[in-house]
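Reader: I am new to this one. Could you walk me through it?

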Amino acid sequence: MSASTADGRDVPHDVPNPANTIMARNAANALMDRNATNVAIAPPMPDILPPVRPRGGFLGFLRRNPTIAFGGGLVLAMVCVAIFAPFLFTRDPTALAPALRTREPSAQFWFGSDMLGRDVYSRVLYGTRVSLTVGFSVAILASVVGLTIGLISGFIRVADTVIMRCMDGLMSIPPILLAIALMALTRGSVQNVIIAITIAEIPRVSRLVRGVVLSLREQPYVDAAVASGTRTPRIIIRHILPNTLAPLTVQATYICASAMITEAILSFIGAGTPPIIPSWGNIMAEGRALWQVKPYIVFFPAIFLSITVLAVNLLGDGLRDSLDPRMAKRV
Amino acid sequence: MFAYVVRRVLATIPVMGLVALFVFSLLYLAPGDPAAVIAGDQATPQDVERIRASLGLDRSYLVRFGEWFFRILQGDLGLSIFTNLPVTTMIAQRIEPTLSLMILTLILAISIAVPMGVIAAWKQGTLIDRAVMGFAVLGFSVPVFVVGYVLAYIFALELDWLPVQGYTPFARGFFPWLQNLILPSIALGGVYIALIARITRATMLEVLQQDYIRTARAKGANQSSILFVHALKNAAVPIVTVIGIGIALLIGGAVVTESVFAIPGLGRLTVDAILRRDYPVIQGVVLLFSFVYVLVNLAIDLAYTLFDPRIRY
C-alpha cells in the first residue's frame, strides 16, 4: 500500500477492472466461435447494460461530469469576479472613511465597513485577485518544477538517491511551517508568498511524478521503445511525459486549493501578503480584533475563501474521476 | 526484524541532518547583520569587523554549521533576540497548551473519523456514504480558522456554552482544561477527520471484498464484529500511515488555531517570533516540530509489525 501524499489522495489502485474481465470473456467467446465449430456452446450472454451513446462535444463532457461542471463553473465565476472587480459596484478598496467605520452591512456598505471605514465588499472582491493569483501561480510553478525533478530522479539513478533524500528532508518540515520559515527570511510580497508556498509543495509533486515514471518504465511499451533503439529523451517526451500529465493535472488542482489556504493563513498571521494589499487573509486579520462585536468583517472573506477552495477541490475530484476512471468509484 | 529496526532508525539520521542544515541556513541567510546591530550606529567598520570575529561570524558556513549542530545536540538552541531568554526555556514554557491541543485533536479525530469511514464503506453508495464523502470534501475546503470562528461564534458567543478563547492549564482540573480546548480541537480536527475518514473508507472498501470477509459472514459473525474486528484490523496499515502523515496538518493548523483562540502555545510563539523577526526562536520551533514529526512517523513505521504480523522485515 502506498498512501503517500499528505492529503492521502493517491491511494493505490490495483483492483481488478470489471471492464477488463468482460472484455476477456468476449474475446474468449469470439475465439470459441471460430475454432470449435463442433462443440455446442451456450448462446452469448445478452447485453446487460443498455447501449449508451455518449453525447459528444464539450457540453456532453460537462453533462457526464457534473462535478467538473459545477466546480469549474464556480472557479470561472471567481476568475470573472477577480478580473471585473472594478466594475462590480466596488469602490477603492483602500479608501479610508474614518467617519463611517465599523458600519453594519447596509445598502451603502453591502458587507459593512471595517475599523478604518473601508468597504468590506470591495476589499473582499479585490481579495479574489490575490487568492487566485497565488493559487494558480503556485499550481503551475510547483507542477513544472516538480515534473522536472520527478523526471530527472525517475531516469537518472545516481541523482535519484540524492534528490529523494533532499525531498525527504524538506517533507519532514510541515508545509505551512516551511512556508512560514521562508517568509520570515524575506519581505512580505505576493511574489515571495508564491515562491515560499511553491518550495513547500515541490517535494510532493516530485514524489508523485517519480512514482509514475518508475511504474511507467516497467511498462512493455517502454521496453519495446527501448528495444527498438529509441533514445532516452524521445522516450521521455513521447512515452513518459504524456502519461504523467493526468495525475499531475489532478495534483495541480489540489495544490492550487491548498496554496490558497496557505496564503490566507500566512496573511492571517502576518507573514504573507503585505497589509496594504486587500487579501482574504489580511481582511480577516484586520477583523480579528473586532470579531466578537462585528463578526461580518471576518465572515465575508471566510465565506469567499471557503467557496473558492471548495470549487477548486470539486474540480480536482471531477478531473480525477474522469481522468482515472479506475479510481472514480473508490475514493 | 532487529536489523530492520536499526536500519530504519539509522535512515532518519540523514533526514534529520538535512532538516538541521536547512534550519541553520535560515539563520545564516536571515537579513540583518548581528555584528552591525550589536556595534550600533557609531561603530567604525573596523569595530564591526572585530565584533564579527569575536562572535565567530567570520568563519566559513560549514564550520559554523558544525558548531551550531553540536550545540543543538547538547540541547542548546541559542538565545532569543527579543527576550534574551534561552529558546529551550521559551519552548518549555509554551509546550503544554500545544501538546494538549494536539493530543486532544488526535483522540477526537481518530474516534470520529475511523467509524465514519467504516460506516461509509459498509453503506457504500447510500445517503450515509455520500454525506461522509461530502463532509470530507468540505473538511478539505474550509480552512481551520474559518471553522474556528464559526464554532466560536455559535457555541461561545451566541449560545454561551463554552469560553470564547484562552487556555486553562491541565493542573487546574480536567474540565476547565477541556472546556477551553474542545472548540479549538474540533476546528483543528476538521481537515484531519476528512483525511482519515477518506482513507478509511477507501481501504475498507478494498478489504470488504476479500474472501475471508465472505467466510466470516457465512459462519454467522455479526456485522459489527466483521466490520470492526475482521476488516478494520486488516485495513489498519494505510489508516495508521495517514494518521502519521496527517500530523503535519495538525502542526501547521495549530499555529493558526492558537491565534484564533488566543491559546498561549508554540503556535503563538511562532507567530510572535515572525512578527519580531526573532530568528533563533523560529529556528527552534521549526526544528522541534520537524523532529517530532519525523519521530512519530518512525514510530508508526516500526509499529506496523504490531498491526500486521504478515509484515516481517
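Here are some questions and answers about this predicted model.

Reader: How far apart are the end C-alpha atoms of helix α6 of chain B?

Author: Happy to start there. Helix α6 of chain B covers residues 127-141, which is 15 residues. At 1.5 Å a residue the helix should span 21 Å, and the model agrees with this. The end C-alpha atoms are apart by 21 Å.

Reader: Which elements of chain A help to cover the buried residues of that helix, α6(B)?

Author: The buried residues in α6(B) are Val132(B), Ala136(B), Gly139(B), Phe140(B) and Ser141(B). Their cover includes α5 (87-122) and α8 (174-208) of chain B. From chain A, the cover includes α9 (232-268) and α11 (296-323).

Reader: Which element gives the most to the side of chain A that touches chain B?

Author: Let's begin with the whole contact, which takes 44 residues from chain A and 49 residues from chain B. On the chain A side, the elements that give two or more residues are α5 (157-171), α6 (175-185), α9 and α11. By class, that side has 32 nonpolar, seven polar and five charged residues. The element that gives the most, with nine residues, is α11(A).

Reader: Are α5(A) and α7(A) parallel, perpendicular or oblique to each other?

Author: The axes of α5(A) and α7(A), the latter being residues 190-217, come within 9 Å and cross at roughly 135°. An angle over 145 degrees would count as roughly antiparallel, and 65 to 115 as roughly perpendicular. The crossing angle of roughly 135° fits neither range, so α5(A) and α7(A) are oblique.

Reader: How many residues of the contact of α5(A) with α7(A) are nonpolar?

Author: From α5(A) come Met167(A), Leu170(A) and Met171(A). They meet Pro203(A), Ser206(A) and Arg207(A) in α7(A). One residue of this contact is polar and one is charged, while the nonpolar ones number four.

Reader: Is Asn84(B) buried or exposed?

Author: Asn84(B) sits in the loop between α4 (61-73) and α5 of chain B. Its phi is near 65°, a positive value in a residue other than glycine. For burial, the cut-off is 12 or fewer other C-beta atoms within 10 Å to count as exposed. Asn84(B) has 7 such neighbours, so Asn84(B) is exposed.

Reader: And what is the phi of Ala262(B) near?

Author: Ala262(B) lies in the loop between α10 (223-260) and α11 (266-275) of chain B. With 14 other C-beta atoms within 10 Å, Ala262(B) is partly exposed. Ala262(B) is a residue other than glycine with a positive phi, near 50°.

Terms used. Residues numbered from 1 in each chain as written. Chains lettered and ligands numbered in written order. Predicted model: local features only at pLDDT ≥ 70, side-chain atom pairs only at ≥ 80, totals over all residues. Helix = DSSP H or I, 4+ residues; strand = E, 2+ residues; numbered from the N terminus. Expected span 1.5 Å × (residues − 1). Buried ≥ 20, exposed ≤ 12 C-beta atoms within 10 Å, placed from the backbone. Contact = placed C-beta atoms within 7 Å. Nonpolar A, V, L, I, M, F, W, Y, C, P; charged D, E, K, R; others polar. Axes fitted to C-alpha atoms, helices over the stretch in contact; angles between N-to-C directions. Parallel < 35°, antiparallel > 145°, perpendicular 65-115°, else oblique.
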